[in-house]
Each structure stands twice: as structure tokens, then as C-alpha cells.
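Biologist: Please take one part of this model and look at it closely. I would like the helix packing and the buried core treated together, in one connected account.

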Amino acid sequence: MTWDQMQALMWPATQETLEMVGVSTVCTVLLGLPLGVLLVLTSKGGALQNQPVNKVLGAVVNLARSLPFIILMIALISFTRWVSGSSLGWQAASVPLTVGAIPFFARLVETSVREVDRGLIEAVQAMGGSTWTLVRKTLVPEALPGIVASVTTTIIALIGYSAMAGTVGGGGLGDLAYRYGYLRFETAFMWIIVAEIALIVTIVQLAGDYAVRRLANRGSGGGRTRLLRPRATTTADEDLVAS
């Protein structure tokens with residue numbers, strides 16, 4: 001296989017992989033972030049402490065995380081067909097990718113949110129802040145560097161899962177590596193695809209690390225909640241005090 005032939009196949013497959021991972025990431029964050037926060041809020045000592053709910057949520061998350069992805073894909077074929085209209089292609093593969101990534105991401109979010117300073121949480125509650133205020137003004141902003149790092153880890157995991165999905169008709173670079181690199185014995189082509197996947201993972205990791213550093217260095221204390229920050233003294237205030 002010539003390089004021109006490889007390029008003609010690789011670009012559409014790369015686009016499918018990026019679309020598959022992109023859609024799955026957005027859906028995972030939208031559903032996994034509130035689930036992770038809810039696990040913290042309903043735990044012992046949380047703002048919405050509810051042990052039965054917490055245990056049920058934890059059991060569901062643990063069960064979903066324990067399933068191998070290839071088995072999850074097969075088990076969700078009917079659901080995937082109902083959601084996307086097909087069980088083949090990158091659109092269909094996005095469904096089990098999202099379902100498999102949500103509990104993984106939720107646990108990472110839970111870990112990040114638990115690391116928020118307990119004193120900040122108690123201070124917001126003492127000031128009469130509601131649960132929504134606590135989440136929006138303190139828990140998520142304070143845990144944001146960890147959440148971004150969790151998103152980065154999840155994206156990298158989704159890239160690996162997407163390659164696995166390609167072996168069962170999910171499209172993307174995994175499908176290309178399987179059909180041409182493995183079945184047609186184009187070993188060089190397969191290693192080129194492996195190198196491309198490694199490059200994509202490296203770029204995602206570097207971008208995620210950069211974003212985490214920027215967020216962690218933003219302001220003193222890594223972004224303390226505004227409710228507890230002293231108001232900056234303006235020139236007008238100083239003049240008023242002096243008079």
C-alpha cells in the first residue's frame with residue numbers, strides 16, 4: 001500500500017475517531033459531572049446526606065465500571081440501535097462509549113470534589129448558602145483543576161475505547177487498523193495508525209496539563225470561592241476613609 005493510499009484512508013478515519021470521542025466526551029461530562037457531585041452531596045456529612053440513595057448510586061456506578069467495554073458494547077446493541085438508528089458506525093459507537101465513560105468520570109469527579117477544603121464548605125453553609133450555591137460557588141470552582149484533569153483522563157480512555165469499538169464496526173482508526181493492518185497484513189500501515197493514536201493522546205495530555213496548571217495558578221489559593229474573598233479596596237474607598 002502506497003503512502004497516498006494510506007492518506008486517503010486515514011483522514012476520514014481520523015475524523016470519525018475525533019467525532020466519536022468528541023460527542024462521547026460532551027455527553028459524559030454533561031451526565032457524569034452532576035452524578036459525581038451528587039455522590040458527594042448524598043454521602044455521610046454531605047449537604048444532601050442520604051445513605052440509601054448514595055449506596056444505590058455507588059452500586060450502579062461500580063457495576064457499570066466493572067463491565068469490560070467489549071461486553072458492554074454487545075449488551076447495549078438494542079439500546080444503541082434505538083438511540084442512533086444503527087449498531088454500526090461512529091454514531092452508534094458513541095452510545096456505549098458514553099455509557100461506559102459516565103461512571104468512570106463520575107468517580108474521578110467525586111474524588112476531586114471531596115478534596116475541597118471542608119472549612120470553605122462549612123463557611124458557605126454558615127452564611128446561609130443553599131445547596132445549589134454551595135455547588136456553583138464553591139464545590140465546582142474549587143475542584144475545577146481536578147475536574148479538568150479528570151476530563152483529560154477520560155478523553156484518553158475514550159480514545160482507547162474508540163479503537164476497540166472499531167474492531168466491531170464502530171469505524172474510526174481502530175476499524176482501519178483492524179481491516180487493513182490486521183486482516184490484510186499491512187503491518188506498516190497498522191503501526192502508522194498506532195503512532196497517530198499515540199500522537200493524539202499526547203496532544204490531549206499536554207493540552208489538559210496546560211489547562212490544569214493555568215487553573216491551579218489562577219489567583220491566590222487556587223481560586224478560592226468569591227463568597228469568602230475580602231472585597232478589594234478601591235481608590236474611592238481609601239479616599240472616603242481618609243476624609
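**Helix H9, the core and the packing around H5**

Modeller: Start with H9. Its buried residues are Phe189, Ile193, Glu196, Ile197, Ile200, Val204, Gly208 and Leu215. This is a predicted model, and what follows is computed from it. An α-helix has 3.6 residues a turn, so residues three or four places apart point the same way. The length of H9 can be checked too. At 1.5 Å a residue, its 30 residues should span 44 Å, and the end C-alpha atoms lie 43 Å apart, which agrees.

Two of the buried H9 residues, Phe189 and Ile193, lead into the core. The largest nonpolar core holds 26 residues. Phe69, Ile159, Leu173, Leu176, Phe189 and Ile193 touch the most other members. Six helices each give two or more residues to this core: H1 (3-41), H3 (69-75), H5 (90-114), H7 (131-166), H8 (172-182) and H9 (187-216). In soluble globular proteins, nonpolar side chains tend to be buried together.

Leu176 shows the contacts in detail. Beyond its neighbours within four places in sequence, Leu176 is in contact with Leu9, Met10, Ala13, Gly181, Phe189 and Ile193. Another core lies apart from the largest one. That second core has 14 residues, including Phe105, Val113, Val124 and Ala143.

Now the helix pairs. Two packed helices are described by the angle between their axes and the distance between the axes. Take H5 with H7. These two pack at an angle of about 150°, with axes 9 Å apart. The cut-off for roughly antiparallel is over 145 degrees, so H5 and H7 are roughly antiparallel to each other. The crossing of H5 past H7 is right-handed.

H5 also packs against H2, residues 51-66. Here the angle is about 125° and the axes are 8 Å apart. H2 and H5 are therefore oblique to each other. H2 passes H5 in a left-handed crossing. On the H2 side, Gly58, Val61, Asn62, Ala64 and Arg65 take part. They meet Pro103, Phe104 and Arg107 in H5.

One more H2 residue deserves a look. Val56 sits in helix H2. Its relative accessibility is 51%, so Val56 counts as exposed, the cut-off being over 50%. Val56 and Leu39 are 17 residues apart in sequence. Their C-alpha atoms are 10.0 Å apart in space.

Notes
Residues numbered from 1 in each chain as written. Predicted model: local features only at pLDDT ≥ 70, side-chain atom pairs only at ≥ 80, totals over all residues. Heavy atoms only, no water. Core = buried A, V, L, I, M, F, W, Y, C linked by side-chain atoms within 4.5 Å. Buried < 20%, exposed > 50% of the residue type's maximum accessible area, 1.4 Å probe, protein only. Helix = DSSP H or I, 4+ residues; strand = E, 2+ residues; numbered from the N terminus. Contact = heavy atoms within 4.5 Å. Expected span 1.5 Å × (residues − 1). Axes fitted to C-alpha atoms, helices over the stretch in contact; angles between N-to-C directions. Parallel < 35°, antiparallel > 145°, perpendicular 65-115°, else oblique. Left-handed = near helix turned anticlockwise from the far one by under 90°.
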